[in-house]
Structures are given as C-alpha cells and as structure tokens.
Amino acid sequence: MTIKILHLSDIHMGSGFSHGKINPETGLNTRLEDFVKTLSGCIDRALTDPVDLVLFGGDAFPDATPPPYVQEAFASQFRRLVDANIPTVLLVGNHDQHSQGQGGASLCIYRTLGVPGFVVGDKLTTHHIQTGKGKVQVITLPWLTRSTLMTRQETEGLSMESVNQLLIERLQVVLEGEIRRLDPNVPTVLLGHMMVDNASFGAERFLAVGKGFTIPLSLLIRPCFDYIALGHVHRHQNLNKSNNPPIIYPGSIERVDFSEEKEDKGYVMIELEKGSVTWEFCPVSVRTFRTIEVDLSKVEDPQTAIAKAIAKHNIQDAVVRLIYKLRSEQLDLIDSSLLHDALSTAHTYTIQAELVSQLARPRIPELSASNSIDPIAALKTYLNNREDLKDIAASMMEAAHKLLADDEEMSIEPTTEKQNSQNRLLVSGVDTQMSLL
Ligand SMILES: [Mn+2]
C-alpha cells in the first residue's frame, strides 16, 4: 500500500518580527500571523488529502525558549494532526536545542505530555510508526553537536577539523547500527537536520578553516533508504539528481529574511512504497519581499530617479527595503517624505542610504574587494597592519577562533554564503568600516 507523507521543515515561527508590524486588531506581529497562516495551509493539505504521516525537519522556533503565545500558535496547528489521528515526527533542529544540551529542546514537551501519535526526534534512533496504510521506519538524526557523540576528554586538544572528522566517523558507526536493525521489507525514511555536502567523503574538506560541519552525501545514499527527508537549509532542493533515493530539503515554509527573497516556499508531498517513491514540491503563496536598489551617484536628478526605481516594482503588501547610493553633496536633493509616500502601500519598508566615497579604496590593499579571504585570515592581515593593537592581537585571534567554533556548535544558518559576502564587503573598502573592527 502507498503511504502518503507530508514533509515540511524550518518553520521558525516567531522570527522576522522586524519585517512585520503590530496588527491593531489582534495585538500580534503580522509576521507571526503570516507564519501561522502558512503553517495552517500546510496542515490543511495534510488533513484534506489526507496524508498518513507528517514529517517535520526541525527548527520550529528561532530558539529553544519561544514565548508562550508563539508556542501556542505552533501547538494549535499541530494539534489538528492529533485530532485527525495523523502520526507526526517532530525533529529537533539546531534552533530547537537549548545551549545546555541535555533534553532541553523546545519540542520535547510533546513527548512529556504523551501527545498521541507524536514522536520527538531528539536522538539518532529508529522509530517504527504504524500508519493507516501500514508500517514505516523513520530514523531520526537531529542536529549534531560535538557533545552528541563524543565526550569532552575525547576532543580535548584536537583541532576543529579533527573533531569534525571524528564526529563523522562516529556517526557512520551509529548509523550503521541502526541500518542493520531495519526490517528490509518496511519502507524507510531518514529524517535529518543537517548541512549535507555534495562532495565525496574525504579529509580535504575539513582543512578549510571556519568551514561549517557538514555531512557527506555519500554517507546518506544507501539502498535501505527510500527517502531522505532533510531540514536546515531554507532553499528547497533535491541533493541527489539520480533521485535514488531522493534527498530533499523542502526549505522553510515562509521567508525568514531577505536572503530568501527570490526563493519559492513550500512543502513536499511523498508517495512511499518499499523500493518505490515519488515526491512533489508544493509551493505555498507567501508574502513578497522586495529589494529596490538604485545608484544615484551619477544621475542629475536623484529624486526623480529614485521615484522611477520604486514605481518599477509592485510593492503592494510587500516587505520592502530601499537601498540607494549617493554622493554626499546630493544629500539635500532627496526629500525623504516623498520616499515615505511612495513606499506607503508596502506592508513594511526600510530605507537605507549609502554614501559613495570618492576615495573608496581600501587602506589595506590585501583586504580589497577583489580578494575574498576567510575571516581569520582577514583579521590576521588587519592586525598585522595595526601596530597599536599589537598587545591584544593574540587574544583577539584567540577570541575570533573561539567565536567561529561556537558559531558552528550553535547554529549554522543557510544564509552563511550571504553573510560571507557581507563580511567581504565589510573588509572591502570604505575606511569607516575598517575602524569598526
Ligand atoms: Mn537549522
């Protein structure tokens, strides 16, 4: 019998409030209302279809301690699956884990309360789930941290790269143990919250400093898995072009920030049988995010140019950011009240003016925009050029290493790429920015 599954992920309910406003009728942030509406649409689909199982790929909230009204908004949607007797697996993502680790995840309350049909995936283990259309095996692989599979003593003195390598070796062993105990006749899904690397399994990948912990694709492509359901990356994609098995990030259900401006949002519907699976990405309609960027530095009439740039876009009910570049002597030529008028139909908007420096050249040539260098190397170069910081240079380097290591432990956002480019921008030029370091 075919088992129907709805796979969704990265709900992040309660985030992005800065892109919303207070709804005077409800007193709630409109972005919370947007997220609830979208989640509600996903649950509607699960109920009307109906599906036999719902898989959530992790990151329910922006952190492990969401305010009660946000938790309740989340719970009241998932409650509808309980009422309809649809079994559901809630996987723990990095944002759901408490920094203290040990069982403090925001989703564990569903297990503690014994919510019927609900399984919380906070451990690497296999769940045998009885659906209306037969049995399914779901291996849950929550967000891994070093402390998940290793003790502090084991990792002491090891470089971050060796720790990551060791972690992957451990994971391979534990996963193998789960795989050996699988019933080969029952359809099997691996549900994981992680960054999966397209590259093959090799040590060279760990040599790059500051690179996040990733799991090699080769570790996941196993004939025993019929479908690999992922969470963590906010852009929908299938990592296995041969589709055997599909390795799917459904992506986030709503735009969390501007880095997701151009992405389609949605969930995935799966039809699963042992040895045969089909899946389909189902887009949902979410609020538009729109960046309007305009360079006024070379135009005669900046006010007209900026009005034209805005008029080109449909900004009705959208979250808008207007970024314009201009020379300092043009400042008086912009009437900001006219900008506010032009943007008034947007849901919310921000206006960001950037001065174009006539002398936009880097003080430290190695840190020019054309060189993309990792944060540690950039800091080192910078410190080498600052005699006055000599005394604290070593401790600054140490602190930076620590920050990057912590960052990996706590949360690696799919926006890393974008943040990298922002970092590059930061070191790329304008004098005032360098002095911020
Ligand atoms: Mn995540």
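Colleague: What makes β4 and β14 the edge strands of the open sheet?

Modeller: This is a predicted model. Its open sheet has six strands, in the order β4-β3-β2-β1-β13-β14, with mixed pairing. β4 (118–121) and β14 (276–283) each pair on one side only. Neighbouring strands of this sheet are turned by 20° against each other on average, direction ignored.

Colleague: How do you know that β2 and β3 pair?

Modeller: Pairing needs at least two bridges. Strand β2 (residues 53–56) and strand β3 (residues 88–91) have three, in the parallel sense. They therefore count as paired. In this pair, L55 stands opposite V89 in β3.

Colleague: Which strands does helix α1 lie across?

Modeller: Helix α1 (residues 30–48) lies across β1 (3–8), β2, β13 (266–273) and β14. Its angle to β1 is about 175°.

Colleague: Why is R146 called buried?

Modeller: The cut-off is 20 or more other C-beta atoms within 10 Å. R146 has 21 such neighbours, so R146 counts as buried. R146 sits in helix α4 (residues 146–149). The C-alpha atoms of R146 and L167 are separated by 6.7 Å, though the two residues are 21 apart along the chain.

Colleague: How do you know that the buried residues of α7 line one face of the helix?

Modeller: The buried residues of helix α7 (residues 302–311) are P302, I306 and I310. Seen down the axis of α7, they fall within an arc of 70°, so they line one face. On the other side, T304, K308 and A311 are exposed.

Colleague: What do the buried residues of α7 pack against?

Modeller: They pack against β15 (289–295), β16 (319–326) and α8 (336–342).

Note on methods. Residues numbered from 1 in each chain as written. Predicted model: local features only at pLDDT ≥ 70, side-chain atom pairs only at ≥ 80, totals over all residues. Helix = DSSP H or I, 4+ residues; strand = E, 2+ residues; numbered from the N terminus. Buried ≥ 20, exposed ≤ 12 C-beta atoms within 10 Å, placed from the backbone. Axes fitted to C-alpha atoms, helices over the stretch in contact; angles between N-to-C directions. Contact = placed C-beta atoms within 7 Å. Arc of directions from axis to C-beta.
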